[in-house]
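These entries record what I looked up in the structure, one topic at a time. I began with a charge placed over a ring and went on from there.

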Amino acid sequence: MALSRRDLLKISTILAASTAFGSEHSKKDDDIKKSVSSYGVQNAPLPKPKGPRVVIVGGGWSGLAVAKYLKKFSPKTDVVLIEKRSVFISCPLSNLWLVDLIDLQFLTHDYLQASQNNGYIYFNATVYDIDRVSKKVFTNEGVVSYDYLVLAPGIDYDYEEWTKGDVELETKLRGFYPAGFIPGSEHFTLKRKIEEFEEGNFVLTVPGGNYRCLPAPYERASLIAWYMKKEGIKGKVVLIDENPDITIKKDGFSSAFNELYKEYIEYLPGSKITGIDLDKKRVVTDMGDEIDFTDASFYPRIRGSKLLEVAGVAKDSAFNKKEADIDPFTYQSKEDPYIYCAGDVRPMGFSKSGNTANSEGHLVAKIIASIIDGKEFKWDSPITVCYSAVSGEPIRAISVNAKYAYDKKKKAFTFKDASTMENWKGRQGIMSGKGLLEWAKGMYRDMFM
Amino acid sequence: MERRDFLKNSSFAALSLAGVDIFAKNVSGKIGFEEAYEDAIKGVKKIYKDSEKIKLKIPKEVKKGLVVPVEVDIDYPMKEDRYIEHIYILATKNPVAKIIKANYTFINAKAYLFVNIKLSETQDVAILARSNIGEIFEKRKRVKVAISGCS
Amino acid sequence: MSMGFKWKRGVIKPLKKEIKKGDVVIFTAATYHPMDSGFQKDKTTNKIKPKFFVKELKIFFEDILVCSFDFEVSASPKLVVKFPLRVFKSGRIKALWEDNLGNILSKSVKISVQN
Ligand SMILES: Cc1cc2nc3c(=O)[nH]c(=O)nc-3n(C[C@H](O)[C@H](O)[C@H](O)COP(=O)(O)OP(=O)(O)OC[C@H]3O[C@@H](n4cnc5c(N)ncnc54)[C@H](O)[C@@H]3O)c2cc1C
C-alpha cells in the first residue's frame, strides 16, 4: 500500500521532532564541553612579561640550572619555571636515605627559595599540552605563552618489554613494586619495604638501554645489603642485571659485592626477565633462573617523558624510546627552533645523572641567552661527576669523572678526561664518602641559592 | 689514570660504549687473525670465499661490543659421508681473533650455529665452515661497533 | 669478578615443545661466565685480572657426546649457544661446560619424543 500525503506529513513531524530533540541534546553537550575548555584556556595568573619570555618545563636538576643561569646571563629575559611538584626531592643520595644514612631534610628543597634567590617565577602546575603554533603551554593552572620553551621533564618508565601491553601487570608493578627512580612516593614505598623486610630474597633489577643513573642500582644493592648485614636480617638482595656486566665502576662494585656482601648480594648479570608472576612472587629469566622473592623493586627500561611526544619533539634514540629529537650541540629541537630540551631527555649517550643534567643546564642557559642577546656561543662538554656509596658508618664511596668529546669519524660522543676511583677501602674510600655529601651540598647550593 | 683504562673497564652503558676497549692492546696472550685463520684452514683442499652457501645474520651496528649475536646457517647436506664438521667464527681485529669452533657431525642434521661474541671495535666477522672432505666455505661481514649517540 | 665468582647459572632447553621422532630440534645452551680476557687491570687492586674463560661446551644425549664447542676469551660473558640435533628417541640432553681453571658446570633437560 502506498503512503498517503497525510502519512507522509505525520512522518515528517516525527522526524522534525526527533531532529529537534537531537539538536537540543547536542547543544547541551556542546555547552558542557565549552565550559570545560573555556575554563582550561584561561590565562595563568602571571604578570605580563617584561622581556622575551622563556618557559622552562620541569624543575629538576637541569631545569633549575637553566632557570637560574638564564636569568644571570640575560637579566632582561622573563623566566618562568613550571614544575608540577611543590617540593623538590633529590634522587641523588636517596639511596643513603633509604637506609637512614642521611635524613629526608637533606634531600628536600624549597622551590620558592630558588625562585626568590634567582629572580625567576616558579609556577607550580602540570603541563598537559603544548601548542607550538600559538606558542602556548597548557597547564592545569592556566595557559602560559612563551617566546622560547625549554623542556626538561626527565624520564618516564617503559614497562613494555616485561608487560607486553598487559596494563594490569604494569599497574601492579608501578603500585606495589615501584622502581624508585622518579622521586616521590615510590621512594617512600621502597623505604618502607626495606624497613619491614624480614627474610628471603629482595629483588632489584638493572634495566638495559641508557637508563637513569648507571651506578645507582648497584649502589642501592650495596646499601640495602649493608643494612641487612648491620641489622642481622636473614635475607639477601638478588640483583638481576639485563646487562652482561656491571655497567660502571665495575671493579669497585664487584669487589664490594664479593668482600663485604658475599652472603647478602646475589648478582645475576646478563639476565633478561622473561616472566614476572606476582601471585607466586617469582621471576624467571632467559638464563634459566627462577627466583622466588619476598619483596622487590622492579626498575624497568626508561624512555623520554611523554611530554616530548605531546609537544611532537620526540624520537627513538639509539638507546631508549622517545627521547628529545635535538641538535646535540645546540639542544634545539629539530622540529621547532623555539624549543630546547635538556637533562635526561637528551638522546646523546651521556650519563643520565644529576651533575651531567646540571652542567648541561648551565650550557643551555648560555645558548638561549646568546640567542636572545644576538651573541655567539661555543659548545662545551657537560660534566659527569658521580659518586656511589658502597657502605655506611662510615660512608665509603667510589666515583667517576668524565667529560665528552665528539668523534667526527665515529659520529659519536666519546669520553674525554675520564677517570674513576674504585677503591672504597681505607682512607680513600672514606674521603670519597665525604666527597659524596659535599658534592650533593654543592649541587643543592647551585640549584637553590 | 689513562682514559683508555677507564673506557676499557667501566663500560658506561651509554656512550657508544660500544667502542669499549674490551681488550687492551700490545699485551701477550693475543691470537692474531692470520694465525687463527691459518689454523682453521690447515690441510684443506679448497676454499670457497664469499660463499653463497653461508647465510650470516649479524647486526650491522651495535652499541656495546660485549654481547653481539651471530647466527650462521650453511646450506650443506649433513649426510653420513658428507657434512660440515667445523664452524669457526673469527674476528679480524679482536686481540684474540678466535671466538668459537663448533664440532658437528651428521647427527646435528643442520649446519647451524648461534652464539654471542665480543667485539673490541669495528671490524669484520669471518665465518669458516669446514666439511669433512676438506672444503672450506667462507663468508665475512662488517660490524660497526660504536654508534652515534646523536643520530 | 673472577675472585668471588661462583659458577652455577646455566640452562639447556629445546626451542620447541612438541618433538616428533626424527625432528631436527634447535637447542639453547646458555651460561654466564666472566670471560676475563687476561688483558685488564682490576681497578681496586690495580693488578691484571688473569685469563678466566669457558674453554669448552660438550653436549651429550644419554651420555653419548653428540657435539662440542671450543671457545676463546672473545666469546661473550653471556654465553648463549644454539645448535641443531636430530632426535630419535626420548632421553636426557646434557650440557657440560668447562673453564680454563678446570671448573665444571652441568645442566640437563629431559625430552620426550612422540612417535
Ligand atoms: C635513586 C637515584 C640515584 C641517583 N644518584 C645519582 C647520583 O648519585 N649522582 C648523580 O649525578 N645523579 C644521580 N641520579 C640521577 C639524577 O637524579 C638524574 O639524572 C637527574 O635528576 C636528571 O635531571 P632532569 O632535570 O633531566 O630530570 P629530573 O630531575 O627528573 O626533573 C624533571 C622535573 O620535571 C618535572 N615534570 C615532569 N613532567 C612535568 C609536567 N608535565 N609538568 C610540570 N613538571 C613536570 C618533574 O616533576 C621533575 O621535577 C640518581 C637518580 C636516582 C633516581
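**Entry 1: charges over rings.** I note at the outset that the model is predicted. In chain A, I found K191(A) over the face of W97(A), at 5.3 Å from the ring centre. I then looked up a case that involves two chains: the charged end of K82(C) sits over the ring of F114(B), 4.3 Å from its centre.

**Entry 2: aromatic pairs.** How many aromatic pairs does a search of the whole structure find? I recorded 41 over all chains. I also traced a cluster in chain A, in which ring pairs link W61(A), F88(A), F106(A), Y111(A), Y122(A), W439(A), Y444(A) and F448(A).

**Entry 3: helix 2 and helix 5 of chain A.** I took up helix 2 (residues 61-73) and helix 5 (residues 111-118) of chain A, whose axes come within 10 Å and cross at roughly 15°. Angles under 35 degrees count as roughly parallel, and helix 2 and helix 5 of chain A are therefore roughly parallel to each other. I entered the crossing of helix 2 of chain A with helix 5 of chain A as right-handed. On the side of helix 2 of chain A, the contact is made by L64(A), K68(A), K71(A) and K72(A); helix 5 of chain A contributes Y111(A), A114(A) and N118(A). By class, I recorded 3 nonpolar, 1 polar and 3 charged residues in this contact. Y111(A) belongs to this contact and also to the aromatic cluster.

**Entry 4: helix 12 and helix 13 of chain A.** I next examined helix 12 (residues 354-372) and helix 13 (residues 426-448) of chain A, which pack at an angle of about 30° with their axes 12 Å apart. That angle makes helix 12 of chain A roughly parallel to helix 13 of chain A. The crossing of helix 12 and helix 13 of chain A is left-handed. Which residues make the contact? I listed N355(A), N358(A) and H362(A) from helix 12 of chain A, and W439(A), M443(A), D446(A) and M447(A) from helix 13 of chain A. The contact of helix 12 with helix 13 of chain A has 3 nonpolar, 3 polar and 1 charged residues. W439(A) takes part in this contact and is also a member of the aromatic cluster.

**Entry 5: backbone geometry.** Most residues other than glycine have a negative phi, and most peptide bonds are trans. I noted L93(A), with a positive phi near 75°, in the loop between strand 3 (88-89) and helix 3 (94-98) of chain A. I also noted the peptide bond from E393(A) to P394(A), which is cis with omega near -5°. P394(A) is placed in the loop between strand 22 (384-391) and strand 23 (396-407) of chain A.

**Entry 6: chain C.** Finally, I looked up the elements of chain C and counted 0 helices and 9 strands. Its C-alpha atoms fill a box of roughly 60 × 20 × 20 Å along the principal axes.

Technical notes. Residues numbered from 1 in each chain as written. Chains lettered and ligands numbered in written order. Predicted model: local features only at pLDDT ≥ 70, side-chain atom pairs only at ≥ 80, totals over all residues. Heavy atoms only, no water. Phe/Tyr/Trp six-rings, centres within 6.5 Å; stacked < 30°, edge-to-face > 60°. Lys NZ or Arg CZ within 6 Å of the ring centre and 35° of its normal. Axes fitted to C-alpha atoms, helices over the stretch in contact; angles between N-to-C directions. Helix = DSSP H or I, 4+ residues; strand = E, 2+ residues; numbered from the N terminus. Parallel < 35°, antiparallel > 145°, perpendicular 65-115°, else oblique. Left-handed = near helix turned anticlockwise from the far one by under 90°. Contact = heavy atoms within 4.5 Å. Nonpolar A, V, L, I, M, F, W, Y, C, P; charged D, E, K, R; others polar.
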